[in-house]
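Here's a quick briefing to read with the model open beside you. It goes topic by topic, so feel free to jump around.

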Amino acid sequence: MVTKIQNFDAQYWVKTRSSLDPNQSTFLIWTGAIYAFVPGEKRNRLFKMAGVSVSRCISTEEGSWDFTSRELTYYLHPETGEILRQWENPWTGELLTVMHVANNPVQGLFKGQFPAQVDGDSTTFVFDLFSTYPNPLAEDPKFVDYSPNPTYQAAELFKITVPTEELLNSAILSVSELQLCWDRIGPWLPWMKMGDRPGQLIYSAYGGKVSGFSELPQLLKDEINTRVPLYKNAPKSFSDGEDITSWLYFQKHFDAYLAG
């Protein structure tokens, strides 16, 4: 069957990424690997990773939804898959505290139309996102060893595939069968203390939706239950504050990072 590009109203993207039910927290999980990409150096898998987004969509007007979520990603030992609390930088030899991702909130607005590739029984939404903005750490001299570049620049490539029949079924408020492919090219993380050393990180991950908190991988359930219980549910309303990124989180918690 020939693949065709079709535009879908926002409600179809809402039920794909989250849910049309504003009372529902929707869980999207991913696992994968993070590689160092350094000119002249061989393939180097630095970490495995495991993450979750818990989200909610709230209708604001006809055809428009506020999207609000919280995200966790854990950096894991590249062989054993255990959560890393400290990491020995292979380029500098320094033992560093690992600062995992705990971004709250991560938000957006869903409206208009979303193109997707329809191939018979499956439909795939493709998003190639390129971010460029001033690095919030660059102007403070205390971060010169951590993230000195004046510009943050990254690319994130998403492919989200769902069953066409489930997507078009008006009785279904949240598509349950979802396949996520996510790749990312971005700068060294501030906590890695790489300064202006040349190179980038490449993320390669896959995942999908789960039916609820009880279906999360055990590692994520244990962390949420014991350390970050807020991530059991999505925010109940859209926040007026700015989205949290790993760079802003590092800035906010720098003293705790230094203290280990």
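Throughout, two residues are in contact when they have heavy atoms within 4.5 Å of each other. Keep in mind that this is a predicted model. With that in hand, a good place to start is Trp191: leaving out residues up to four places away in sequence, it touches Phe47, Tyr75, Trp87, Leu96, Thr97, Val98, Met99, Phe250 and Tyr257.

**The nonpolar cores**

- Nonpolar side chains tend to be buried together in soluble globular proteins.
- Here the largest nonpolar core has 54 residues, and the ones touching the most other members are Phe47, Tyr75, Trp87, Trp191, Met192 and Phe250.
- Strand 10 is the top contributor to this core, giving 5 residues.
- There's also a second, separate core of 16 residues, with Phe27, Ala50, Ile224 and Ala234 among them.

**Strand pairing around strand 10**

- Strand 9 (residues 122-134) and strand 10 (residues 151-163) run antiparallel and are joined by 13 bridges.
- To find your way along that pairing, look for Ser122, which sits opposite Pro163 in strand 10.
- Strand 10 also pairs with strand 11 (residues 179-186), again antiparallel, through 7 bridges.
- One spot to check there is Lys159, whose bridge partner in strand 11 is Cys181.

**Helix 1**

- Is helix 1 (residues 10-17) largely enclosed or largely open? It's largely enclosed by the rest of the structure, because 6 of its 8 residues are buried.
- The buried ones are Ala10, Trp13, Val14, Lys15, Thr16 and Arg17, so the list takes in charged side chains as well as nonpolar ones.

**Aromatic pairs**

- A pair of aromatic rings is described by how far apart the centres are and by the angle of the planes.
- The count for this model comes to 29 aromatic pairs.
- Phe47 and Trp191 make a tilted pair, at 5.8 Å centre to centre with 55° between the planes.
- That pair links distant parts of the chain: Phe47 is in strand 3 (residues 44-61), Trp191 is in the loop between strand 11 and strand 12 (200-210), and they're 144 residues apart.
- Phe47 and Trp191 are both buried.
- Phe143 and Phe254 pair up edge-to-face, with 4.8 Å centre to centre and 70° between the planes.
- Phe143 is in the loop between strand 9 and strand 10 while Phe254 is in helix 5 (residues 254-258), so this pair ties together parts 111 residues apart in sequence.
- Phe143 and Phe254 are both buried too.
- If you'd like a bigger group to look at, Phe8, Tyr12, Trp13, Phe67, Phe110, Phe114, Phe125 and Phe127 form one aromatic cluster.

**Salt bridges**

- Side chains of opposite charge can pair when their charged atoms come close.
- The structure holds 5 salt bridges.
- Glu79 pairs with Arg45, with the closest N and O atoms 3.7 Å apart.
- Those two come from distant parts of the chain, 34 residues apart: Glu79 is in the loop between strand 4 (64-76) and strand 5 (86-88), and Arg45 is in strand 3.
- Glu79 counts as exposed because its relative accessibility is 58%, whereas Arg45, at 28%, counts as partly exposed.
- Glu94 forms a salt bridge with Lys193, and here the closest N and O atoms are 3.1 Å apart.
- This pair also links distant parts of the chain, 99 residues apart: Glu94 lies in the loop between strand 5 and strand 6 (95-97), and Lys193 lies in the loop between strand 11 and strand 12.
- Glu94 has 31% relative accessibility, so it counts as partly exposed.

**Glu223 and its partners**

- Glu223 lies in helix 3 (residues 218-226).
- Why does Glu223 count as buried? Its relative accessibility is 7%, and the cut-off for buried is under 20%.
- Apart from its neighbours within four places in sequence, Glu223 is in contact with Tyr74, Ile83, Arg85 and Val228.
- Glu223 also forms a salt bridge with Arg227, the closest N and O atoms being 3.2 Å apart.
- Unlike buried Glu223, Arg227 counts as exposed, at 54% relative accessibility.
- Arg85, Glu223 and Arg227 are linked in a network of salt bridges.

Note on methods: Residues numbered from 1 in each chain as written. Predicted model: local features only at pLDDT ≥ 70, side-chain atom pairs only at ≥ 80, totals over all residues. Heavy atoms only, no water. Pairing = 2+ DSSP bridges. Helix = DSSP H or I, 4+ residues; strand = E, 2+ residues; numbered from the N terminus. Buried < 20%, exposed > 50% of the residue type's maximum accessible area, 1.4 Å probe, protein only. Core = buried A, V, L, I, M, F, W, Y, C linked by side-chain atoms within 4.5 Å. Phe/Tyr/Trp six-rings, centres within 6.5 Å; stacked < 30°, edge-to-face > 60°. Salt bridge = Lys/Arg side-chain N within 4 Å of Asp/Glu carboxyl O.
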